[in-house]
Structure formats: C-alpha cells, structure tokens
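Colleague: I've got the model open and a few labels I'd like you to justify. Can we go through them one by one?

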Amino acid sequence: MTDTQTVIAGARSDCKANVYAMIDQLFTGFFELHGDQITSDDPAIVAGLAKLADQPIAVIATQKGNNLEDRLATHFGSPEPAGYRKALRVMRLAEKLNFPIITLVNTPGAYPGADAEAAGQGQMIAKNISEMLQLKVPILTLIVGEAGSGGALALACSDQIWMFENSMYSVLSPEGFASIMWKDAHLADKAAELMRLTPDWLLKQHAIHRIIPEKMLTDGSLKTALTSAIGELCQQDNATRLAKRAAFFRKF
Amino acid sequence: MLFGEHVKRFSSRSVPKLKHDQAKVPSGIWQECPHCHAGFYFKKAGQYRVCPECGYGFRVTARRRLKMLTKHFEEWDSDLETRNPTEFPDYQRKIKKAQSATHLKDGVLTGKALIDDYPVALGIMDPLFIMGSLGTANGERLTRLFEKATEQQLPVIVLTASGGARMQEGIYSLMQMAKISQAVNDHGKAGLAYISVIMDPTTGGVTASFASQADVTLAEPKALYGFTGKRVIEQTINKQLPNDFQSVENGYQRGLIDEIVPREQLAQRLSQLLSILEAKKWGETQ
C-alpha cells in the first residue's frame, strides 16, 4: 500500500466509527441534545454540551456507528439537512452561552438521498458555512477519519483545523471523484493518489493547522493539547480571532 | 395507373440517400431542446437563445449572456488565471481549451454594470468553461466582486451556472466555498443587497455556498438547481427519479426560489427590484 492508501484505510477503520467513545475520552459529563427543533433528529450528527478540563464546551460530531443498524441509520456518517440544522442549533446555543465549540468530523459527505435533496441539503450547507464563519466563539475542528466535500466543510469553518495522522480531507470522496472524472467509482485508488487528501500535503498548503499522531488520543495528550489550544483562542479578542479565521480562508 | 404514380411519388428514400441529404444540412440549423426535446429551426430560439416550446434558456457563454442583459459593463480582474495548485496532470491543456471557447481566463465574468440606470456589481458564471466548475481563479474573481462591491457600496447580482467544485483543484476548490461565503457575509454586513439568478445547471459546491446565500433568489425557467447529481442519488437510493426532480420550478414549490424569470424579462425584473432596493430610505435627505 502507498502512503495515501494507508491513510485512507486508517481513516476508514472501524475503531474510528463510534464518536461517542472519543467524546468520552476527551470530555466529561457529555449532555447530548437531540433534534433540530423543527423536523427530526438525525443520528449522523451528535451534538451537546460537555466539559473540557472543567470548563464548558459545545461538542458537535458526526457519527458512523459500530454496527450495521447504526450505520444504516446514520447513512455511514452522512448527515441530512436536519443534522446540519441540529449542528447549527447547538452552534447558536454555544454563541449565546459563550462556550467554545469543538467539532469532530468523520463523514464521507452529506447524504446524497432524494429526501435530503428535496429538504434543501445544499442550501442548508450554504447556511451553516455562512453562519459558522460569523460565530464569535472559538471553534476548533478535529478531523477524525474522513472529511469529504461541502458536507465536511459545513462543520469545519473554524479557527483551528486539526487532523489525525490517519485521516483525510478532500473536495469529494475518492469514489465520487472517480465517478465524476472517469464515470467509474472503481478507480477510487487512482483518484485518491491525484486528490492529495493526506494530512502531510494539506499542512504544507496551510489548509490545516496541525497533525495529531493517533497515540495522542490514547495517552491523554490530545486532551491536554485541546485544552491549551481552546485556552489560547479564548485569550484572543473576538475581532482578532474572527479576522484570523477570515484570513485563513481568504488566502485560497 | 394513378395509384402506381402515387406510390412512386411518396415512396421513402433509401437510407444512404437520406444520410447523404442530411450531411448537406449545415450542423446547428436544426436544434433540439435538451429539456423538452422539441426540435426547431435554430433561429426560433431568438437572440435570447430560449426554447420556443418550453422556455428553457440554452447554456451560453458568459460574454453572450452579458449582452442579453446590459450594454454597459466595465470588466474587473479579467487576468486571473489558475496556477494548478494540486499539479493535476493534463489540467493546463484543459484550461487552454476552455479559455479559447469562452474568451475568459476562467469560468466567471465579473465587473461593474448598469441595469437600467442602476450601477451594480455583476458576476456571470460560464457553463462552457469546464462546466462552470469552481476553482481558485473564478473563486478569487467572485470574492473580489463582493469585496469591491462592499468598497463601492454596490448591490451584487450573480448569475450562477456550475457543475460544482473543480475536481482538478482538490481542497483549493473546497476552500473557495468558505472564501466566497466570507465575502458574501461582509457585503451583507455593510447593508448591501445580493441577488442570485440560478441558471442551468447550478449544482454541488456552488449550490452549497454563494448561489444559496442571496437575499433574493431568481431563476431561469427549467434550470437545474441541486446539490448532489441525480445519477449519484439514484445509485444511492436505488430508485429512478423524475426528470424535473431538481428543476427550479420544483425548487420554487419547495420555497427555495423567489421568482422564475424568463431570460428576456430578467433586465426588467432586476430593474424593478433595484428601484426598490436603491430607493432613498425613510428619513434620508438627498
């Protein structure tokens, strides 16, 4: 396997599929909030309030699930418009309460279903991107496994974007890319090489801020790193932080 | 006898003869609407290039679309060109081809225009430039459109047409969505209006960002407006979808579109809207 293939296999490994386990490792007292308060509760988005080093924080994550039943319910971690609406609802709550936000992203993309499309999937993503860029509270995104397309960007318009060593971030899933470019999803491996979706390359392009070795999750140092990063972001005044966030995306 | 003559007169010509005759007709004289599949003599589409049967607006270059809207236009940032940030193979050749087809350096035309007497910042995406896909160069041009409009206190009008993200530019393409959205936000915070006009097709990352962030969203008849491609959805849910699944008429029913405006009426409808948006406000003197 080439490096890219190793990264993809790691990003999609089963051990990253259950985000509840990671939430428990990183935060204490996670209180989950359900539903978008308008239509439904999308299980592909897990959102709520918790504490990080005894300080309050809002957590928004994508969930794939560890068994077939969960994976069908979450469409393998692909949110529907209701999921993005739930994410936005919790972001607005964080803004109101002045809690920083951490998003944990592991999604191949927004769910490509007929109902999702009819419910305004693209419009909802557009709204989340727009609103997230304007939130005054600090936002840190940790890309856990896969991060594909606008469906991932809708949770990643943040002050800091971190990626695990074995994670990927791309304009589309390699399968989708191959399907568009060569009308053959089976050429995903070839696509992946061309797509430059590995953390190393993305860091060189300044598309992300930091690469997190996998062992930092188990040895507890990730929690420490998150605590000090959020602490630093909180020290900046809102205007400075928002200007930096804008400048990060403006340079592309 | 008489019967025999009739048979001769109306008998069908041989296939080779038909093919020979057909080859003598210049291509493009007889056209088919990609939406309703009606066939018609090309001049029937008129100067606005609209299907005489169903009103669908044909995909035309941005420069041609501009001529249908206004004569007064000052172009901005015409020299912006992609630098192939992901070093994608064979990409530059594709760009050159698109450039010569559209007379644009990348897939959008931007500048300051007059609609009637109203000055506006105008962007027109070009569906014939690699499907109007969003890359670094047209993304930058659109961003500057909003930034200049904010500086000059102008409303923005963008006519969108795009297959979505430019695959060849990878993450750089995805980042355009956030970059342009930021410029749209800043423009809005300055109290300025943004009108988008959905043309055929508007999909993917363009739908999931600036095309859907306008204050007023207009659309051309029968245009396709969606996020995920129909083929991908059908493969996902294993079911055929109706042809008009992502039509703007359908979007209008679902509350995504404010008004569907035939191409030949767009200037007039924009002018009416601008006359309200640009009217002197209550309590304002001169």
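Modeller: Sure, starting with a cut-off: a residue is buried if 20 or more other C-beta atoms lie within 10 Å of its own. And keep in mind that this is a predicted model.

Colleague: What makes α5(B) largely enclosed by the rest of the structure?

Modeller: By that cut-off, 12 of its 16 residues are buried, so the label fits α5(B). Among them are L142(B), L145(B) and F146(B). The buried residues pack against β4 (108–115), β5 (118–125), β6 (156–162) and α6 (170–189) of chain B.

Colleague: How do you know that the span of α5(B) agrees with its number of residues?

Modeller: The rule is 1.5 Å times one less than the number of residues. For the 16 residues of α5(B), 136–151, that should give 22 Å, and the end C-alpha atoms are 22 Å apart, so the two agree. Just after this helix, Q153(B) has a positive phi of about 55°.

Colleague: Over to chain A, with its 13 helices and eight strands. Why is it called as compact as a globular protein of that length?

Modeller: Because its radius of gyration is 17 Å, close to the 18 Å that the globule rule gives for 252 residues.

Colleague: Which element supplies the largest share of the side of chain A that touches chain B?

Modeller: In chain A, 35 residues are in contact with 36 of chain B. The largest share of that side, nine residues, comes from α6(A). By class, the side divides into 22 nonpolar, 10 polar and three charged residues.

Key
Residues are numbered from 1 along each chain as its sequence is written. Chains are lettered from A and ligands numbered from 1 in the order in which they are written. This is a predicted model: local features need pLDDT of at least 70, side-chain atom pairs count only at pLDDT 80 or more; totals for chains, interfaces and linings use all residues. Helices (H or I, at least four residues) and strands (E, at least two) are DSSP runs, numbered from the N terminus. The radius of gyration is taken over C-alpha atoms; the globule rule is 2.2 Å times the number of residues to the power 0.38. Two residues are in contact if their C-beta atoms, placed from the backbone, lie within 7 Å. Ala, Val, Leu, Ile, Met, Phe, Trp, Tyr, Cys and Pro count as nonpolar, Asp, Glu, Lys and Arg as charged, and the others, Gly among them, as polar.
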